[in-house]
Amino acid sequence: MCGIVGIVGKSPVNQSIYDALTVLQHRGQDAAGIITIDEGMFHLRKANGLVRDVFHTRHMKRLTGNFGIGHARYPTAGTSSSAEAQPFYVNSPFGIAFAHNGNLTNAHELQKDVVRIARRHINTTSDSELLLNILAHELQDAKGLTITPEEIFDVVTKVHRKIRGAYAVVAAIIGNGMLAFRDPHGIRPLALGKRSTEFGDEYMVASESVALDAVGFTFIRDVAPGEAVYVTEDGELFTKQCAESPSCNPCIFEFVYFARPDSFIDGISVYASRVNMGRKLGEKIRREWADLDIDVVIPIPETSMDVALQIATTLELPYRQGFVKNRYIGRTFIMPGQKMRKKSVRRKLNAIGSEFKGKNVLLVDDSIVRGTTSGQIIEMARESGAKKVYFASAAPEIRFPNVYGIDMPSANELIAYGREIEQISELIQADGLIFQDINDLVEAVREENPAIECFETSVFDGNYITGDVDQAYLELIDMARNEGAKQLKLQTELSNLEMYNIDQED
């Protein structure tokens with residue numbers, strides 16, 4: 001999951017893009033980048049790290065121009081190389097900078113075509129660079145130094161026909177304008193905004209509406225599934241549906257966990273959807289756990305707080321903040337062994353003992369993936385004096401990997417894979433475990449926009465909306481994931497050795 005931003009303005013856009021990326025920081029903390037265009041030249045700064053750490057005053061001064069794009073990167077497992085930080089760019093044709101959120105499910109076969117047919121070199125393992133080169137190849141046939149909107153839309157139509165998966169894209173084309181488009185299934189979000197100035201209208205696209213709010217743009221609407229948006233460097237807006245059979249199937253995990261509560265995606269308030277999740281889960285707890293003596297409802301910060309509050313209201317129980325989250329903890333780069341990995345949770349969270357001592361507590365989280373963190377948090381609650389610890393998940397059991405841009409582990413690493421609820425409860429050492437029903441989850445989100453008939457729910461039910469994911473594909477990405485993890489481990493070990501040698505020399 002990544003955050004993307006693009007602005008065509010009437011004044012320098014570097015600060016606005018920076019501010020928008022900080023608001024989208026939750027979508028990716030691995031790397032950040034901004035590229036601007038000024039007098040026909042790209043100005044780029046990107047590196048691993050948080051937005052605030054990547055950009056310093058000297059970098060911002062170099063990012064001149066009224067037109068640019070930005071990216072906050074969320075890596076897949078085993079890929080943390082600065083070479084894969086975005087935006088990417090190619091020099092031909094025109095000069096194209098590119099940022100992408102999502103994942104292509106046919107990247108393996110596309111890579112062969114790019115090399116064999118387009119004769120283009122791919123320098124990283126990123127499907128984003130692959131998609132950029134596919135777009136560049138299709139633009140190669142454009143005549144002249146400028147492109148008409150119709151030519152742009154024809155190119156996007158061809159790109160849609162070639163690629164499969166989930167994607168929201170923004171591209172900056174030198175001498176022409178900003179192009180943004182969304183996959184025909186509408187899995188990944190993309191919002192369009194406008195800001196009027198004395199010099200004319202400015203346009204912006206971003207992964208979430210909250211980024212528009214942060215920099216003073218007015219939300220116009222969501223970019224439709226399969227739609228392309230093109231804004232010329234002069235600020236003229238053009239839009240067209242470029243997919244043959246588009247349908248809106250938003251990723252439901254955006255609402256469960258990823259998106260900020262103050263965002264609206266496809267007409268749905270993320271906050272309101274989480275309140276609805278809490279109400280429905282509270283009703284299920286009341287039906288199925290009526291005999292349990294729960295004293296207090298405590299959220300696991302922070303995504304589950306809105307859900308937990310509504311559960312407490314529905315059950316007419318006290319709601320308490322039992323954990324304090326350390327917002328300023330740095331990344332744990334080296335964690336050799338399980339003992340150190342367990343300590344990392346305690347560095348992030350600390351329990352308020354008085355809220356647990358002698359009580360039967362209901363802990364609420366947004367979801368359970370591997371179960372490792374859930375087990376450690378339950379252990380912390382017991383150590384703080386809780387008599388019994390029950391656990392509620394706002395999402396159903398996650399039994400399948402995600403292939404659309406969320407770094408969910410392979411099936412074998414998922415605690416719910418091949419296990420019943422009683423077995424999961426025993427593994428995390430809960431006195432009781434309850435999950436949201438998938439129908440209730442879908443309805444909780446759909447209540448805010450009944451026009452959406454279907455959501456992307458593959459991690460819960462194994463139904464991959466693009467129709468091209470089978471067991472062979474899942475095994476392929478699992479193998480690639482394991483190989484990437486091995487390479488990352490080797491890089492870490494070499495880095496550790498280098499640091500050790502430096503220490504010895506000192």
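User: Which strands pair in the antiparallel sense over five bridges?
Analyst: In this predicted model, strand 8 and strand 12, the latter made of residues 227–232, pair in the antiparallel sense, and five bridges link them. As one example of a facing pair, Gly177 has Thr232 in strand 12 as its bridge partner.

User: And what about strand 7, how does that pair with strand 8?
Analyst: Strand 7, which covers residues 165–173, also runs antiparallel to strand 8, and their pairing extends over six bridges. Within that pairing, Val170 stands opposite Ala180 in strand 8. The two strands form a hairpin with three residues between them, and in this hairpin Gly175 takes a positive phi near 80 degrees.

User: Is strand 8 largely enclosed or exposed, and how many of its residues are buried?
Analyst: Six of the six residues of strand 8, that is residues 177–182, are buried, so the strand is largely enclosed by the rest of the structure.

User: Different topic: what order do the strands have in the open sheet of four?
Analyst: The order is 16-19-20-21, and the pairing in this open sheet is parallel. Strand 16 (296–299) and strand 21 (432–435) stand at the edges with a single partner strand each, so one side of each is left without a neighbour in the sheet. On average, and with direction ignored, neighbouring strands of this sheet are turned by 20 degrees against each other.

User: Which helix packs on that sheet?
Analyst: Helix 12, residues 372–383, packs on the sheet and touches both strand 19 and strand 20 (388–393), while its direction makes about 150 degrees with that of strand 20.

User: How many bridges join strand 16 to strand 19?
Analyst: Four bridges join strand 16 to strand 19, which consists of residues 360–365, and the two run parallel. Here Val296 stands opposite Val361 in strand 19.

User: On to helices, then. At what angle do helix 9 and helix 10 pack?
Analyst: Helix 9 and helix 10, the second being residues 305–315, pack at an angle of about 40 degrees, and their axes are 7 Å apart. With that angle, the two helices are therefore oblique to each other, and their crossing is right-handed. Among the residues of helix 9 that take part in the contact are Tyr271, Val275, Leu281 and Ile285, and the helix 10 side includes Val307, Ile311 and Leu315.

User: What about helix 4 and helix 5, how do their axes cross?
Analyst: The axes of helix 4 and helix 5 come within 10 Å and cross at roughly 45 degrees, and the two helices are therefore oblique to each other. Their crossing, however, is left-handed. Ala107, Leu110, Gln111 and Val114 in helix 4 meet Asp127, Leu130, Asn133 and Ile134 in helix 5.

User: What sits in the loop between helix 4 and helix 5?
Analyst: One of the residues in that loop, which lies between helix 4 (107–116) and helix 5 (127–139), is Arg119. Phi of Arg119 is near 55 degrees, a positive value in a residue other than glycine. Arg119 is also exposed, with a relative accessible area of 74%.

User: Which loop does Gln429 lie in, and what is its phi?
Analyst: Gln429 lies in the loop between helix 13 (421–428) and strand 21, and its phi is near 65 degrees, a positive value in a residue that is not glycine. At 52% relative accessibility, Gln429 counts as exposed.

User: Now helix 14: which of its residues are buried?
Analyst: The buried residues of helix 14, which covers residues 438–446, are Asp440, Leu441, Ala444 and Val445. They cover an arc of only 130 degrees around the axis, and this puts them on the same side of helix 14. These buried residues pack against helix 8 (253–258), strand 15 (268–269), helix 9 (270–288) and helix 15 (458–461).

User: Is Val459 in helix 15 buried or exposed?
Analyst: Val459, which is found in helix 15, is buried, with a relative accessible area of 5%. Although Val459 and Asn402 are 57 residues apart in sequence, they are 5.7 Å apart in space, C-alpha to C-alpha. Leaving out residues up to four places away in sequence, Val459 touches several residues, including Phe253, Ile398, Phe400 and Met408.

User: Last one: where is the cis peptide bond with omega about 5 degrees?
Analyst: That cis peptide bond joins Gln86 and Pro87, and Pro87 lies in the loop between strand 4 (67–73) and strand 5 (88–90). The peptide bond from Ser92 to Pro93 is also cis, with omega near -5 degrees, and Pro93 is placed in the loop between strand 5 and strand 6 (96–104).

Methods: Residues are numbered from 1 along each chain as its sequence is written. This is a predicted model: local features need pLDDT of at least 70, side-chain atom pairs count only at pLDDT 80 or more; totals for chains, interfaces and linings use all residues. Side-chain values use heavy atoms; hydrogens and water are left out. Two strands pair if DSSP finds at least two bridges between them. Axes are lines fitted to C-alpha atoms, for helices over the stretch in contact, and angles run from 0 to 180 degrees between N-to-C directions. Contact means heavy atoms within 4.5 Å. Buried means under 20% relative accessible area, exposed over 50%, partly exposed in between (1.4 Å probe, protein chains only). The arc is that of the directions from the helix axis to the C-beta atoms. Angles under 35 degrees count as roughly parallel, over 145 as roughly antiparallel, 65 to 115 as roughly perpendicular and the rest as oblique. A crossing is left-handed if the near helix is turned anticlockwise from the far one by less than a right angle, and right-handed if clockwise.
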